[in-house]
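This briefing addresses a bench biochemist who wishes to relate a sequence to its three-dimensional model. Please consult the display below before reading the points that follow.

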Amino acid sequence: MKPKSSVIWNYFNEVSGNTAKCKLCQKIYSRKGGTTTSLKSHLKFVHTTEFEEFAKLETEKKDTVQPSTSTPVQEVRKQITLKDTLMKNQKWCSSNPKSIEIDKLISEMISLQDLPFTFVKGIGFRRLTHFIAPNYQLRGRHFFC
Ligand SMILES: [Zn+2]
């Protein structure tokens, strides 16, 4: 007999080679071709909460073995990745360490070279900072006063 590696066996007991008993409702299920597919759909439609837990467990397991079909948990992960991608195009907030550093350097440049504060509003300077640091949100001239 093959070892029961699937987490589905947290919810079912094997009765014989072709049947399994649901631990939750004691219903006996036939396993066509020895697969766990019918057991999974039983869990999915009858025991929703347990199915969510099962899907999570199975995903965690698959992550280390063979990532394949999309489970609800993986869908959520995809969304998180998408969010990350969107974040990359977003401007840094003023507390971002790099942003703070750039602010500091611009302030320094203005005072060291005795530049007018309006310098930061100049299109040339804006283009330069946008090219060097696309995520940097250039401050208004009042910020550097
Ligand atoms: Zn059941």
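In this predicted model, Leu128, Phe131 and Ile132 make a nonpolar surface patch of about 380 Å². Leu128 is found in helix H5, which covers residues 123-132. With a relative accessible area of 45%, Leu128 is partly exposed.

**Overall architecture**

- The chain contains 6 helices and 3 strands, and along the sequence these elements follow the pattern β-β-β-α-α-α-α-α-α.
- Of the 145 residues in the chain, 25% are buried.
- The accessible surface of the chain amounts to about 10400 Å², and carbon and sulfur atoms account for 59% of that surface.
- When contacts between residues at least 6 apart in sequence are considered, 38% of them join residues at least 24 apart.

**Zinc site**

- Four residues coordinate the zinc ion: Cys22 and Cys25 through their SG atoms, and His42 and His47 through their NE2 atoms. The coordination distances run from 2.0 to 2.3 Å.
- The site of the zinc ion is tetrahedral, with angles of 103 to 115° among its 4 donor atoms. This geometry is assigned because four donors count as tetrahedral if all angles lie between 85 and 135 degrees.
- The donor residues of the zinc ion follow the spacing C-x2-C-x16-H-x4-H in the sequence.
- Cys22 belongs to strand E2 (residues 19-22), whereas His47 sits in the loop between helix H1 (37-46) and helix H2 (48-64); the pair therefore ties together parts that are 25 residues apart in sequence.
- Both of these donor residues are buried: Cys22 has a relative accessible area of 0%, and His47 has a relative accessibility of 11%.

**Salt bridges**

- Side chains of opposite charge can pair when their charged atoms come close. The count in this model comes to 4 salt bridges, and three of the pairs are described here.
- Glu14 and Arg31 meet through their side chains in a salt bridge, with an N to O distance of 2.7 Å. Glu14 lies in strand E1 (residues 12-14) and Arg31 in the loop between strand E3 (28-30) and H1, so this pair ties together parts that are 17 residues apart in sequence.
- The two partners differ in accessibility: Glu14 is partly exposed at 29% relative accessible area, while Arg31 is buried at 8%.
- Lys40 forms a salt bridge with Glu58, and their closest N and O atoms are 3.2 Å apart. This pair links distant parts of the chain, as Lys40 is in helix H1 and Glu58 is in helix H2, 18 residues apart.
- Lys40 is partly exposed, with a relative accessible area of 25%. Glu58 has a relative accessibility of 13% and counts as buried, because the buried class comprises residues under 20% relative accessible area.
- The side chains of Glu101 and Lys104 form a salt bridge at 3.8 Å, N to O. Both residues lie in helix H4 (residues 97-112) and are 3 residues apart, about one turn of the helix.
- Glu101 is partly exposed, with a relative accessible area of 39%, and Lys104 is likewise partly exposed, at 44%.

**Buried residues Ser99 and Val120**

- Ser99 is placed in helix H4 and counts as buried, at 0% relative accessibility.
- Residues up to four places away in sequence aside, Ser99 touches Trp92, Cys93, Ser94, Tyr136 and Arg139.
- Val120 occupies the loop between H4 and H5, and its relative accessibility of 0% places Val120 among the buried residues.
- Apart from neighbours within four places in sequence, Val120 has contacts that include Ile106, Ile110, Phe125 and Leu138. Arg126, Arg139, Gly140, Arg141 and Phe144 are also in contact with Val120.
- Val120 and Phe144 are 24 residues apart along the chain, and their C-alpha atoms are separated by 8.8 Å.
- Arg139 appears in both contact lists, touching Ser99 as well as Val120.

Note on methods:
Residues are numbered from 1 along each chain as its sequence is written. This is a predicted model: local features need pLDDT of at least 70, side-chain atom pairs count only at pLDDT 80 or more; totals for chains, interfaces and linings use all residues. Side-chain values use heavy atoms; hydrogens and water are left out. Donors are N, O and S atoms within 2.8 Å of the metal (3.2 Å for Na, K and Ca); water is not among the atoms, so sites may look incomplete. Four donors count as tetrahedral if all angles lie between 85 and 135 degrees; four count as square planar and six as octahedral if opposite donors are over 155 degrees apart and all others between 65 and 115; anything else is irregular. Helices (H or I, at least four residues) and strands (E, at least two) are DSSP runs, numbered from the N terminus. Buried means under 20% relative accessible area, exposed over 50%, partly exposed in between (1.4 Å probe, protein chains only). Contact means heavy atoms within 4.5 Å. Patches are made of residues with over 30% relative accessible area and no salt bridge: like charges are joined within 9 Å, nonpolar side chains (Val, Leu, Ile, Met, Phe, Trp, Tyr) within 5 Å. Accessible areas come from the Shrake-Rupley method with a 1.4 Å probe; for residues, only the protein chains shown count as cover.
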